[in-house]
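Visitor: Put the model up and then let's talk it through, please. I'd like the conventions before the details.

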Amino acid sequence: MASTQCLVVLFLITFTSTAFSRSILETSPKTHHSFTFNPISIRRKIPNDCDNWYCDSWRLSVETDNARSWTQIPARCLDFVEEYATCHHYSSDLEVVAKNALEFAKEVNVSIHGKDAWVFDIDETLLSNVGYFQFYGFGHVDVAALFSEWVDLAVDPALSASLVLYKELQKMGFKLILLTGRNESLRNATKKNLFEAGYSNWERLIMRRPPDMNKTVTEFKSEKRRELIYHGFTLHGNCGDQWSDLRGFAVATRSFKLPNPMYYIPL
C-alpha cells in the first residue's frame, strides 16, 4: 500500500513539473520573443559597406610604411581618402602629431648659442595641397606632372596645427630649417606662399638644386641634414609627411611623421 502511494505521489510531481515547463514554453509568441536569446541583437552591427574598414586599415599600412612603395590609392578607397583629407579626421590627426612634437620640444633645454634647430618639410607638413587633389582628383596618379604649375600659384593654405607648432617653437628659441624636395626654380613662389600662409623668420629654406636632381629624397635630405650638423646645428626635431623626409643618416633626435594617404614619395 505504501509503495502504491509513493508511486502516485511521484507521478503527480512528474506531471506537475512537465505541465509547468510546457506552460512556460507555450507562452504567446510576443512573450516568448521578448525572452528569446538572440546573439545577433547583442553583437555589434556590421555596416553593409565594409570599404571604410578596409580603407582605414589600408591607411594604417601606409602610415606605418608597411605598404612601402605604393603608387596609387585603391579605387575602392578614393572616396574614403577624399573624405579623410577634407574633413575633421585629417586635422585631428595633425593636431595629435603637433601636440606630441610640442611636448617633446618642451623637454629640450634650448641654449643661447642659437644652434638648436627643428627641421620641417613643406608640402603636407607646413602647407596643404589638398586643393590640388580636389581639382585634379584624389586618384590623380602623376602628382609631379602638374605640381610645379600648382606651386607657382602660391595658393596652398597652412596646415593649422603645423602653423601653431611652428610659432611655438620659434618662441622657445628653436631655429627653424625648411628642407623641401621642391626645385630651386620654385623658391620665389614657395616663399610667397609661406609668407601668405603665416610662416616667417625661418633660419634656412633648402631646396633641390641641379646637382641634387638625380638623388633620392632620402639621400638629398640626409646630406643636407649632415651639412647642418657640420655647421654646428643640433637637430632636435624633424617633421615630415613622408618617411623619406625622416629616414637616412644625420637624423634628428626625434622624428614626427604626419599623415598622408594621398601620395607616396619613394625612399
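Guide: Helices (H or I, at least four residues) and strands (E, at least two) are DSSP runs, numbered from the N terminus. This is a predicted model: local features need pLDDT of at least 70, side-chain atom pairs count only at pLDDT 80 or more, and totals for chains, interfaces and linings use all residues. Residues are numbered from 1 along each chain as its sequence is written, and side-chain values use heavy atoms, leaving out hydrogens and water.

Visitor: How many helices and strands does the protein have?

Guide: Go by those DSSP runs. The tally for the protein is 11 helices and five strands.

Visitor: What share of the 267 residues counts as buried?

Guide: Buried means under 20% relative accessible area, exposed over 50%, partly exposed in between (1.4 Å probe, protein chains only). Of the 267 residues in this protein, the buried share comes to 40%.

Visitor: What share of the contacts with a separation of 6 or more joins residues 24 or more positions apart?

Guide: A contact here is heavy atoms within 4.5 Å. Take the contacts in this protein with a separation of 6 or more; the part from residues 24 or more positions apart is 71%.

Visitor: Which helix gives the most to the largest nonpolar core?

Guide: A nonpolar core is a set of buried Ala, Val, Leu, Ile, Met, Phe, Trp, Tyr and Cys residues joined through side-chain atoms within 4.5 Å. This one has 55 residues, and Trp118, Phe120, Leu178, Tyr199 and Met262 touch the most other members. With eight residues (88–105 is its span), the helix that gives the most to this core is α5.

Visitor: How many residues are in the second, separate core?

Guide: Look around Ala117, Val119, Leu179 and Phe220, which are included in it. This second core is separate, and its count is 10 residues.

Visitor: Which residues does methionine 262 touch?

Guide: Met262 is one of the five that touch the most other members of the largest core. Skip anything up to four places away in sequence, and methionine 262 touches Trp70, Ile73, Val81, Ala85, Tyr90, Glu124, Val130, Phe133 and Phe138.

Visitor: Ile73 is on that list. Is isoleucine 73 buried or exposed?

Guide: It's found in the loop between α3 and α4. Apart from neighbours within four places in sequence, isoleucine 73 is in contact with Trp58, Leu78, Val81, Phe138, Pro261 and Met262. Its relative accessibility is 7%, so isoleucine 73 counts as buried.

Visitor: How far apart in space are isoleucine 73 and tyrosine 264?

Guide: In sequence, isoleucine 73 and tyrosine 264 are 191 residues apart. In space, C-alpha to C-alpha, they are separated by 9.7 Å.

Visitor: Is α3 roughly parallel or roughly perpendicular to α4?

Guide: Axes are lines fitted to C-alpha atoms, for helices over the stretch in contact, and angles run from 0 to 180 degrees between N-to-C directions. Angles under 35 degrees count as roughly parallel, over 145 as roughly antiparallel, 65 to 115 as roughly perpendicular and the rest as oblique. The axes of α3 (residues 51–63) and α4 (residues 78–86) come within 9 Å and cross at roughly 65 degrees. That makes the pair roughly perpendicular.

Visitor: Which residues of α4 make the contact with α3?

Guide: The α3 side brings Asn52, Cys55, Asp56, Trp58 and Arg59. The α4 side brings Phe80, Val81 and Tyr84.

Visitor: Is α5 roughly parallel or antiparallel to α8?

Guide: Here Leu94, Glu95, Ala98, Ala101, Leu102 and Ala105 in α5 meet Ala161, Leu165, Glu168, Leu169 and Met172 in α8. The axes lie 9 Å apart at an angle of about 10 degrees. That's why the pair counts as roughly parallel.

Visitor: Is lysine 224 buried or exposed?

Guide: Lysine 224 sits in helix α10 (residues 217–230). Beyond its neighbours within four places in sequence, lysine 224 is in contact with Leu179, Ile206 and Asp212. Its relative accessibility is 16%, so lysine 224 counts as buried.

Visitor: What is the relative accessible area of methionine 213?

Guide: Methionine 213 lies in the loop between β3 (204–208) and α10. Neighbours within four places aside, it is in contact with Asn183 and Arg208. Methionine 213 counts as partly exposed because its relative accessible area is 41%.

Visitor: What is phi of asparagine 201?

Guide: Asparagine 201 is in the loop between α9 and β3, and with a relative accessible area of 66% it's exposed. Its phi is positive in a residue other than glycine, near 60 degrees.

Visitor: And what is phi of aspartate 65?

Guide: Aspartate 65 has its place in the loop between α3 and α4, and at 4% relative accessibility it counts as buried. Its phi is also a positive value in a residue other than glycine, near 65 degrees.
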